[in-house]
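Me: Could you take me through this protein, please? I should like to understand the model step by step.

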Amino acid sequence: MSTSTDVSLSSYDEDQGSKLIRKAREAPFVPIGMAGFAAIVGYGLYRLKSRGNTKMSVHLIHMRVAAQGFVVGAMTLAFFFFRYGLLHVGILGKT
């Protein structure tokens, strides 16, 4: 009986940066949605000071709806992008 501890799993061999890059290549709209969400939330927090007479809860609801709308829009674009085979036309370097 030989016990080999030389088990190599690809998910454990890569570091966080290379895993993120690999996942971004597999699904390019996920990082776009995440970046848009972060940008909208950042802008909303920046505008928090000059919200005027708007209540805090209303401002936060508007910010949440805008961020979720961006993510849903990115997911919808990704669906149509992959559904109608735009990757096979040559976009994103694939043929």
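Reply: The replies below go through the overall fold, the surface, one charged pair and a few single residues.

Reply: This is a predicted model, in which local features need pLDDT of at least 70, side-chain atom pairs count only at pLDDT 80 or more, and totals for chains, interfaces and linings use all residues. Residues are numbered from 1 along each chain as its sequence is written, and side-chain values use heavy atoms, with hydrogens and water left out.

Me: How many helices and strands does the protein chain have?

Reply: The protein chain has 5 helices and 0 strands, which gives the pattern α-α-α-α-α along the sequence. Helices (H or I, at least four residues) and strands (E, at least two) are DSSP runs, numbered from the N terminus.

Me: And what share of the residues is buried?

Reply: Of the 95 residues in the protein chain, 14% are buried. Buried means under 20% relative accessible area, exposed means over 50%, and partly exposed lies in between (1.4 Å probe, protein chains only).

Me: What about the surface the protein chain exposes?

Reply: The protein chain exposes about 7,900 Å², and carbon and sulfur atoms supply 64% of that area. Such areas come from the Shrake-Rupley method with a 1.4 Å probe; for residues, only the protein chains shown count as cover.

Me: Which residues form a nonpolar patch there?

Reply: Phe79, Phe80 and Tyr84 form it, with about 370 Å² of accessible area together. Patches are made of residues with over 30% relative accessible area and no salt bridge; like charges are joined within 9 Å, and nonpolar side chains (Val, Leu, Ile, Met, Phe, Trp, Tyr) within 5 Å. Tyr84 sits in the loop between helix H4 (56-83) and helix H5 (86-89). Tyr84 counts as exposed because its relative accessibility is 59%.

Me: How are Phe79 and Phe80 arranged?

Reply: The structure holds 1 aromatic pair. Phe79 and Phe80 form this edge-to-face pair, at 5.2 Å centre to centre with 70° between the planes. Rings of Phe, Tyr and Trp (its six-membered ring) pair if their centres lie within 6.5 Å; planes under 30 degrees apart are stacked, over 60 edge-to-face, and the rest tilted. Phe79 is partly exposed at 49% relative accessible area, and Phe80 is partly exposed at 40%.

Me: Changing topic, which residue forms a salt bridge with Glu26?

Reply: Arg22 does, and the closest N and O atoms are 3.1 Å apart. A salt bridge is a side-chain nitrogen of Lys or Arg within 4 Å of a carboxyl oxygen of Asp or Glu. The structure holds 1 salt bridge.

Me: Where do Glu26 and Arg22 lie?

Reply: Both lie in helix H2 (residues 16-26), 4 residues apart, about one turn of the helix. Glu26 is partly exposed at 48% relative accessibility, and Arg22 is partly exposed at 31%.

Me: Is His59 buried or exposed?

Reply: His59, found in helix H4, is buried because its relative accessible area is 13%. Leaving aside neighbours within four places in sequence, His59 is in contact (heavy atoms within 4.5 Å) with Gly44, Arg47, Leu48, Arg51 and Thr54.

Me: Lastly, which residues does UniProt list for "transmembrane region"?

Reply: The unreviewed UniProt entry lists residues 28-46 and 67-86. UniProt positions are given in the numbering used here, feature names are shortened, and annotations may be inferred rather than shown by experiment. Over residues 28-46 the chain is 95% helix and 0% strand, with the end C-alpha atoms 28 Å apart.
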